[in-house]
Amino acid sequence: MKVLAAMSGGVDSAVAAARAVATGHDVTGVHLALARNPQTYRSGARGCCTLEDSRDARRAADVIGIPFYVWDMADRFHEDVVDDFVAEYAAGRTPNPCLRCNEKIKFEAVLDRAVALGFDAVVTGHHARLGPDGLLRRSVDTAKDQSYVLAVLRRDQLDRSIFPLGDSTKAQVREEATRLGLAVADKPDSHDICFIADGDTRRFLAERLGETPGDIVDGASGAVVGAHTGAYAYTVGQRRGLALGVPAPDGQPRYVLSITPKTNTVTVGPATALEVSSVTADRPVWTAGPAPVAPVECEVQLRAHGSVVPATVTVDDGVLRAEMRRPVRGVAAGQAIVAYRPDPAGDIVLGSATIR
């Protein structure tokens, strides 16, 4: 099979490409140039799409012995990921840019181009499994599992995807990279948001949205307890950086409960007020089959590194509703809710939707 290996410059994608070669595929490596100005993106241990990463990917391809190209997708990335990130925060939601990058870039733009060029599938270094049944499952390495950020993929996209690392732990991947002589064997994992070079999300958003002063109000009394320079700088569940001028009557810390862009207010309250037992979500995607017509008993995950909770999921007129068995704190609009079905061979991803 003729496959395209997406090589980020990290150890995972390099080993994934090597495994694809070892299993007999005709492999071509490609690195995605996503930065309009690479100097503005994170580099070193924090990056995944800089000039340094491109060089690391090229060296890995040379060691593996496969052709290598760089595809410029900076404009598409800026429009579909960076602009979306800013717009979501401006609307009072909390986006997941890595999830959006998978959806719009790696498994839409890249896969579409790959198929047009005659490739059969795309290989990536994501830690997730696609079994013989074609179902997306968690990685055996639960600490590195990335099925949550892949749950936005459609069935036809998964049918043209290969995830060679799902049956290995990260430690095993690094050991294999060392045996193969890959210089990225000890390269640290990328973290945070690649297009915010210094990690200061508040400053990044302020530069694009401007300062818009407003009130921070207490959710119970409605009293003004502080001020902000932009509601977009906050997310549900946040505690740090509130700088409240009026202490809570009980002396307990306050958390962000909601953001209301229309009135430019941030509402705060006690931790218990963060608890929700039901979630409504839009744009459902079902990876394991057609949308369910009856309630589904499953487990749901509400953030990339969050725990799972038993729930009953229903779908009506394109809207997903999840009734959870126990309350969950810090659920933010804009994040994904992913439904899993426990399975002895690994939890199966049923589908996902965007929390509203």
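Me: Which residue just after H2 takes a positive phi?
Reply: Keep in mind that this is a predicted model. Follow H2 to its last residues, 51-64 being the helix, and look just past its end. There the phi is positive, at about 90 degrees, and the residue is Gly-65.

Me: How far apart are the end C-alpha atoms of H2, and what span should its 14 residues have?
Reply: Count 1.5 Å a residue, and the 14 residues of H2 should span 20 Å. The model agrees with that, since the end C-alpha atoms of H2 are also apart by 20 Å.

Me: What arc around the axis do the buried residues of H2 cover?
Reply: The buried ones are Asp-53, Ser-54, Asp-56, Ala-57, Ala-60, Ala-61 and Ile-64. They sit on the same side of H2, because the arc they cover is only 160 degrees. An α-helix has 3.6 residues a turn, so residues three or four places apart point the same way. As for the arc, it's 160 degrees.

Me: Which elements do the buried residues of H2 pack against?
Reply: One partner is a helix and two are strands. By name, they are H1 (11-22), S2 (26-33) and S3 (68-72).

Me: How many disulfides does the structure hold, and why?
Reply: A disulfide needs two cysteine sulfur atoms within 2.5 Å. For Cys-98 the closest cysteine sulfur, in Cys-194, is 7.1 Å away, so that's too far for a bond. Cys-101 also has its closest cysteine sulfur in Cys-194, at 6.9 Å, which is too far as well. The count of disulfides is zero.

Me: Is Cys-101 buried or exposed?
Reply: Its relative accessibility is 8%, and the cut-off for buried is under 20%. So Cys-101 counts as buried.

Technical notes
Residues numbered from 1 in each chain as written. Predicted model: local features only at pLDDT ≥ 70, side-chain atom pairs only at ≥ 80, totals over all residues. Heavy atoms only, no water. Helix = DSSP H or I, 4+ residues; strand = E, 2+ residues; numbered from the N terminus. Expected span 1.5 Å × (residues − 1). Buried < 20%, exposed > 50% of the residue type's maximum accessible area, 1.4 Å probe, protein only. Arc of directions from axis to C-beta. Contact = heavy atoms within 4.5 Å.
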